[in-house]
Amino acid sequence: MSLITLQQLHKSYRIGKQPQAVLTGIDLQLHQGEMTGLIGPSGSGKSTLLNICGLIDRPDSGEMLWEGQPVDFSAKAKLTQLRRRSIGFVFQSFNLIPVMSAADNVAYPLWLRGDSRSEIKKAVQTVLEEVEVAEFANQLPDALSGGQRQRVAIARALVKKPQLLVADEPTASLDEETALVVADLMKKLGREYGCALVIATHDDRLKPWCDSIYQLQQGVLQGGVQ
Ligand SMILES: Nc1ncnc2c1ncn2[C@@H]1O[C@H](COP(=O)(O)OP(=O)(O)OP(=O)(O)O)[C@@H](O)[C@H]1O
């Protein structure tokens with residue numbers, strides 16, 4: 001069974017008096033252990049679709065199933081709980097908290113969840129080693145390179161062992177070599193942690209990492225399993 005099933009999702013934004021249709025009938029399944037790529041021109045709705053998958057935004061109509069159960073977008077507290085517990089996010093601009101060390105940034109989702117200090121310490125150390133930045137644990141984000149910051153952001157997304165990892169242009173701020181290393185790491189760790197990974201990208205070089213790749217054009221998805 002897929003982790004996430006989207007059925008006939010529609011979403012528009014109102015700009016002035018005019019509604020602008022962005023998603024016009026999206027059908028998609030995301031499977032654990034697999035990487036799904038979304039490509040498409042700027043403004044085609046990739047972030048909008050990721051935000052719905054990540055329970056940050058809601059569709060106007062259509063259904064989203066999580067492990068086969070319909071998601072109720074009006075149940076805000078339940079959505080927040082599911083998002084905190086089960087979804088990790090990686091962004092182009094890393095979104096690390098500048099006044100917190102790399103280790104504390106990674107620990108943050110576990111503090112929010114109320115884990116014990118000893119559990120947090122162990123989990124943070126393990127994941128920082130997996131993304132190969134353990135030696136920078138006590139540094140502030142400003143002291144790290146872009147690639148190192150994105151590794152810390154990946155660690156922060158994975159530390160709670162999410163079922164879904166949502167990545168919006170995760171390599172767009174990185175040089176070519178670093179981008180490919182980061183893509184490789186996300187794919188490897190996504191498999192290891194058994195999460196479904198959905199990634200929006202302009203970067204054609206990431207295609208080989210994707211199990212399925214979809215082009216978002218005029219509100220609908222084209223493509224599929226590679
Ligand atoms: N909160 C919002 N209010 C109004 N319009 C929005 C909002 N968010 C997105 N849009 C519009 O929806 C369309 C799709 O935007 P979206 O950010 O999803 O595209 P994208 O494919 O991710 O673009 P990019 O590749 O440039 O990041 C755009 O026309 C954008 O202006």
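How many helices and how many strands make up the secondary structure of the chain? Colour the model, which is predicted, by secondary structure: six helices and ten strands appear.

Begin with the whole chain in view. Its C-alpha atoms fill a box of roughly 50 × 40 × 40 Å along the principal axes. The radius of gyration is 17 Å, which agrees with the value near 17 Å for a compact globule of 226 residues. Buried residues account for 41% of the 226 residues. Among contacts with a separation of 6 or more, 72% join residues 24 or more positions apart.

Next, select strand 1, residues 4-15, together with strand 2, residues 18-30. The two strands run antiparallel and are joined by ten bridges. They form a hairpin with two residues between them. In the turn, select G16, where phi is positive at about 65 degrees. Beside the turn, R14 has P19 of strand 2 as its bridge partner.

Now add strand 4, residues 61-66. Strand 4 is also antiparallel to strand 1, and five bridges join the two. Select I4 to find W66 of strand 4 opposite.

Finally, turn to the ligand. Select the residues that surround it: Y13, I15, V22, G40, S42, G43, S44, G45, K46, S47 and T48. By class, this shell holds three nonpolar, seven polar and one charged residues. Strand 1 and helix 1, residues 46-53, each supply at least two residues of the shell. Which element gives the largest share of the shell? Select helix 1, which contributes three residues.

Conventions:
Residues are numbered from 1 along each chain as its sequence is written. This is a predicted model: local features need pLDDT of at least 70, side-chain atom pairs count only at pLDDT 80 or more; totals for chains, interfaces and linings use all residues. Helices (H or I, at least four residues) and strands (E, at least two) are DSSP runs, numbered from the N terminus. The radius of gyration is taken over C-alpha atoms; the globule rule is 2.2 Å times the number of residues to the power 0.38. A residue is buried if 20 or more other C-beta atoms lie within 10 Å of its own, exposed if 12 or fewer, and partly exposed in between; C-beta atoms are placed from the backbone. Two residues are in contact if their C-beta atoms, placed from the backbone, lie within 7 Å. A residue is near a molecule or strand if its C-beta atom, placed from the backbone, lies within 6 Å of it. Ala, Val, Leu, Ile, Met, Phe, Trp, Tyr, Cys and Pro count as nonpolar, Asp, Glu, Lys and Arg as charged, and the others, Gly among them, as polar. Two strands pair if DSSP finds at least two bridges between them.
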